[in-house]
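Welcome, and please open your viewer before reading on. We will go from one selection to the next, and at each stop you will read what is there.

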Amino acid sequence: MFKMLPEVAGSGAALLNVTIDGRRHAAREGDSVAATLFAAGLPSCRTTPVTGVPRGPYCMMGVCFDCLVVIDGRPNQQGCMVRVRDGMVIERQQGARLVPGVVEVQ
Ligand code: FES
């Protein structure tokens, strides 16, 4: 579905080590978390809270919120707006997540 452009793939960017859903992956320095997921062959990054339908990054510019992931234990992070860094732990978000410090209203 997505393919890295040859001039980007061969740009010599430093490689970082990240963990995605418990598995180690290489990531290109300067890429966003969403781009790292695409490069790892993972087009979906979350499931919807109501029906569990998989969703993936769409706008890649912070507008659609379809790229929500858990980064280093913090849920609801926009993967397209966060640059990947060495040692980052990324989890694809399953359903709704509570935000620490926020009380859920029923
Ligand atoms: S892909 Fe749309 S907000 Fe991240």
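## First stop: A27 and its contacts

Select A27 and show what surrounds it: leaving out residues up to four places away in sequence, A27 touches A14, L15, L16, V18, T36 and V84. Keep in mind as you look that this is a predicted model. A27 itself sits in strand β2, which covers residues 23-28.

Is A27 buried or exposed? Its relative accessibility is 3%, and because buried means under 20%, A27 counts as buried.

Now add M88 to the selection. A27 and M88 are 61 residues apart along the chain, and their C-alpha atoms are separated by 10.0 Å.

## Second stop: A14

From A27, move to one of the residues it touches, A14. You will find A14 in the loop between α1 (6-9) and β1 (15-20). Which residues is A14 in contact with, once its neighbours within four places in sequence are set aside? They are A27, R28 and E29.

A14 has a relative accessibility of 36% and so counts as partly exposed. The partly exposed class runs between the 20% limit for buried and the 50% limit for exposed.

Next, select L98 together with A14 and draw a line from C-alpha to C-alpha. The two are 84 residues apart in sequence, and in space the distance is 34 Å.

## Third stop: the largest pocket

Turn on a surface view and select F2, K3, M4, L5, V8, R28, D31, A35, F38 and A39, which line the largest pocket. R28 may be familiar, since you met it among the contacts of A14. The volume of this pocket is about 250 Å³.

Which helix gives the most to the lining? Colour helix α2, residues 33-39, to see it: α2 supplies three residues. If you colour the lining by class, you get seven nonpolar and three charged residues, with no polar ones.

## Fourth stop: two loops and their phi angles

Before you select anything here, one piece of background: most residues other than glycine have a negative phi.

Go to M60, in the loop between β4 (54-55) and β5 (68-71). M60 is not a glycine, yet its phi is positive, at about 60 degrees. Its relative accessible area is 34%, so M60 is partly exposed.

Then select D72, in the loop between β5 and β6 (74-78). D72 also has a positive phi without being a glycine, with a value near 50 degrees. With a relative accessible area of 35%, D72 is partly exposed.

## Last stop: the whole chain

Clear your selections, zoom out and switch to a cartoon view. How many helices and strands does the protein chain have? There are two helices and seven strands, and along the sequence they follow the pattern α-β-β-α-β-β-β-β-β. The radius of gyration is 14 Å, close to the 13 Å that the globule rule gives for 106 residues, so the chain is as compact as a globular protein of that length.

Rotate the model along its principal axes: the C-alpha atoms fill a box of roughly 50 × 25 × 25 Å. Of the 106 residues, 32% count as buried, and A27 from your first stop is one that counts as buried.

Finally, show the accessible surface, which comes to about 6800 Å², with 55% of it belonging to carbon and sulfur atoms. Among contacts with a separation of 6 or more, 40% join residues 24 or more positions apart.

Technical notes: Residues are numbered from 1 along each chain as its sequence is written. This is a predicted model: local features need pLDDT of at least 70, side-chain atom pairs count only at pLDDT 80 or more; totals for chains, interfaces and linings use all residues. Side-chain values use heavy atoms; hydrogens and water are left out. On a 1 Å grid over the protein atoms alone, a cavity is a set of points where a 1.4 Å probe fits but cannot get out, and a pocket is an open set with protein on both sides within 12 Å along at least five of seven lines; lining residues have an atom within 4 Å of a point. Grid points are joined across faces, edges and corners, and a volume is the space filled by probe spheres set on the points. Helices (H or I, at least four residues) and strands (E, at least two) are DSSP runs, numbered from the N terminus. Ala, Val, Leu, Ile, Met, Phe, Trp, Tyr, Cys and Pro count as nonpolar, Asp, Glu, Lys and Arg as charged, and the others, Gly among them, as polar. The radius of gyration is taken over C-alpha atoms; the globule rule is 2.2 Å times the number of residues to the power 0.38. Buried means under 20% relative accessible area, exposed over 50%, partly exposed in between (1.4 Å probe, protein chains only). Contact means heavy atoms within 4.5 Å. Accessible areas come from the Shrake-Rupley method with a 1.4 Å probe; for residues, only the protein chains shown count as cover.
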